Amino acid sequence: TCSTRLDVHQVTLMPEEPEDMWHTYNLLQVGDSLRASTFRKVLTESSTGSVGSNRVRTTLTISVEAIDFDTQACQLRVKGTNIQENEYVKMGAYHTIELELNRKFTLAKKVWDSVVLERIEQACDPAQQADLAAVIMQEGLANIVLVTPAMTLLRAKVEVTIPRKRRGNCSQHDKALERFFEAVMQGILRHISFDIVKCVLVASPGFVKDQFCTYLFGQAVKTDNKILLENRSKFVQVHSSSGHKYSLKEVLSDPTVTSRLADTKAAGEVKVLEDFYKMLQQEPDRAFYGVAHVEKANEAMAIDVLLISDELFRHQEVATRSRYVKLVDNVRDNGGTVRIFSSLHVSGEQLNQLSGVAAILRFPIADLSDAEEDSSSDEE
């Protein structure tokens with residue numbers, strides 16, 4: 001539990017899937033110490049005096065100075081100086097550790113704040129992982145993706161060449177389409193875990209989605225596929241402009257879709273952001289953004305929902321990071337809800353355009369900019 005972790009200065013974790021690397025990226029800060037298995041190039045001199053080099057695996061502990069995350073490959077490189085005696089690496093020498101899947105690492109921090117502890121709880125709880133899947137398709141192309149609370153993971157891409165229909169002869173087209181649908185069905189069965197997934201969006205332009213779902217459940221009845229038949233209610237057909245992955249953004253912001261995805265966390269962030277924009281239009285005195293305004297609302301204990309981007313917690317300055325952590329803790333202590341948005345999500349990108357922090361208030365507060373102008377004129 002969180003409370004016992006507070007007394008412990010270090011934690012050992014093992015990333016098991018690409019999204020764990022994203023969580024680790026959010027946990028690491030400059031000044032932390034990281035201990036992990038890594039490769040080091042070592043120069044060796046033979047008895048004849050010839051010098052050669054070979055890579056050796058060793059365990060190093062470094063003081064973190066720079067963190068680089070590749071969002072496409074989900075690779076994490078951490079650069080720093082060696083702080084523990086090692087037979088291959090001198091004290092103070094620079095080294096870059098590339099964290100690997102299924103290899104443990106130990107992270108030590110001077111301060112474990114509530115946001116870091118919550119991130120660890122979230123990463124270690126399988127129930128909080130991808131509960132939304134999507135099949136974005138058009139004739140001959142389908143992308144099968146999992147939408148987790150933090151990111152969108154492409155699980156499979158299906159491409160089949162489908163010849164055009166010819167007048168009086170559609171057999172080649174129909175056979176190719178059936179092959180395509182079969183490949184997509186196999187992709188769904190292989191990559192979607194219905195124990196976790198609460199909803200599968202099937203999105204396409206035109207009638208492709210309808211034809212596919214007819215095929216899918218027709219095959220399920222023929223082959224008595226219990227997995228598909230028992231989870232039929234989880235499939236939701238929606239419109240998208242294409243079968244490319246980027247069409248998922250428009251699908252997730254469609255109001256008819258969000259109402260049907262009320263249970264999934266990814267949709268939760270999208271809905272909260274929409275609520276904020278609505279409030280901003282209808283009752284601007286109950287929708288604040290920008291850290292100074294949000295802090296003023298917090299002092300008045302007025303915050304009902306705090307929207308904050310995880311990007312702000314990656315700030316290099318401890319004081320700035322602590323300011324945001326304190327804001328989160330205060331809002332929770334006052335009975336408010338905190339939504340931490342991922343900057344890899346569509347909703348997180350939008351929130352970052354609003355400075356990364358916003359709030360929906362319980363009651364209206366007069367425009368703070370006027371109040372600030374008044375107070376500054378009083379001081380003069």
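Helix α4 and helix α5 meet through a set of side-by-side residues: L177, E178, F181, E182, V184, M185 and I188 on the α4 side, with V208, Q211, F212, Y215, L216 and Q219 on the α5 side. Sorted by class, that contact has 9 nonpolar, 2 polar and 2 charged residues. Bear in mind that this is a predicted model. Beyond this helix pair, here's a look at two open sheets, one with 6 strands and one with 4, plus another helix pair, α10 with α11.

**Helix α4 against helix α5**

- α4 covers residues 171–191 and α5 covers residues 208–223, and their axes come within 10 Å.
- The two axes cross at roughly 70°, and α4 and α5 are therefore roughly perpendicular to each other.
- As for handedness, the α4 and α5 crossing is right-handed.

**The 6-strand sheet**

- Reading across this open sheet, the order is β1-β6-β2-β3-β4-β5, with antiparallel pairing.
- The edges belong to β1 (10–13) and β5 (94–99), each of which pairs on one side only.
- Ignoring direction, neighbouring strands here are turned by 45° against each other on average.
- β3 (residues 51–70) and β4 (residues 75–82) are an antiparallel pair held over 8 bridges.
- If you want a spot to click on in that pair, try F69, whose bridge partner in β4 is L76.
- Helix α2 (residues 18–27) packs on this sheet and touches β1, β3, β4, β5 and β6 (105–108).
- The direction of α2 makes about 70° with that of β3.

**The 4-strand sheet**

- This one is also open, runs in the order β12-β15-β13-β14, and has mixed pairing.
- β12 (287–289) and β14 (337–341) sit at the edges with a single partner strand each, so one side of each has no neighbour in the sheet.
- From one strand to the next, the twist averages 15°.
- Helix α12 (residues 346–353) packs on the sheet, in touch with β13 (303–309), β14 and β15.
- The angle between the directions of α12 and β13 is about 100°.

**Strand by strand in the 4-strand sheet**

- β12 and β15 (residues 357–361) run antiparallel and are joined by 3 bridges.
- Within that pairing, Y289 stands opposite A358 in β15.
- β13 also pairs with β15 in the antiparallel sense, over 5 bridges.
- There, I308 has V357 of β15 as its bridge partner.
- On to the parallel part: β13 and β14 run parallel, with 5 bridges joining them.
- S309 stands opposite F341 in β14.
- β13 is mostly covered, with 6 of its 7 residues buried.
- As background, side chains in a regular strand alternate between the two faces of the sheet.

**Helix α10 against helix α11**

- α10 (residues 291–299) and α11 (residues 318–333) have axes that come within 11 Å and cross at roughly 35°.
- The crossing of α10 and α11 is left-handed.
- On the α10 side the contact uses V291, V294, E295 and N298, which meet R323, Y324, L327, N330 and V331 in α11.
- By class, the residues of the α10 and α11 contact split into 5 nonpolar, 2 polar and 2 charged.

Technical notes:
Residues are numbered from 1 along each chain as its sequence is written. This is a predicted model: local features need pLDDT of at least 70, side-chain atom pairs count only at pLDDT 80 or more; totals for chains, interfaces and linings use all residues. Side-chain values use heavy atoms; hydrogens and water are left out. Axes are lines fitted to C-alpha atoms, for helices over the stretch in contact, and angles run from 0 to 180 degrees between N-to-C directions. Angles under 35 degrees count as roughly parallel, over 145 as roughly antiparallel, 65 to 115 as roughly perpendicular and the rest as oblique. A crossing is left-handed if the near helix is turned anticlockwise from the far one by less than a right angle, and right-handed if clockwise. Contact means heavy atoms within 4.5 Å. Ala, Val, Leu, Ile, Met, Phe, Trp, Tyr, Cys and Pro count as nonpolar, Asp, Glu, Lys and Arg as charged, and the others, Gly among them, as polar. Two strands pair if DSSP finds at least two bridges between them. Buried means under 20% relative accessible area, exposed over 50%, partly exposed in between (1.4 Å probe, protein chains only).
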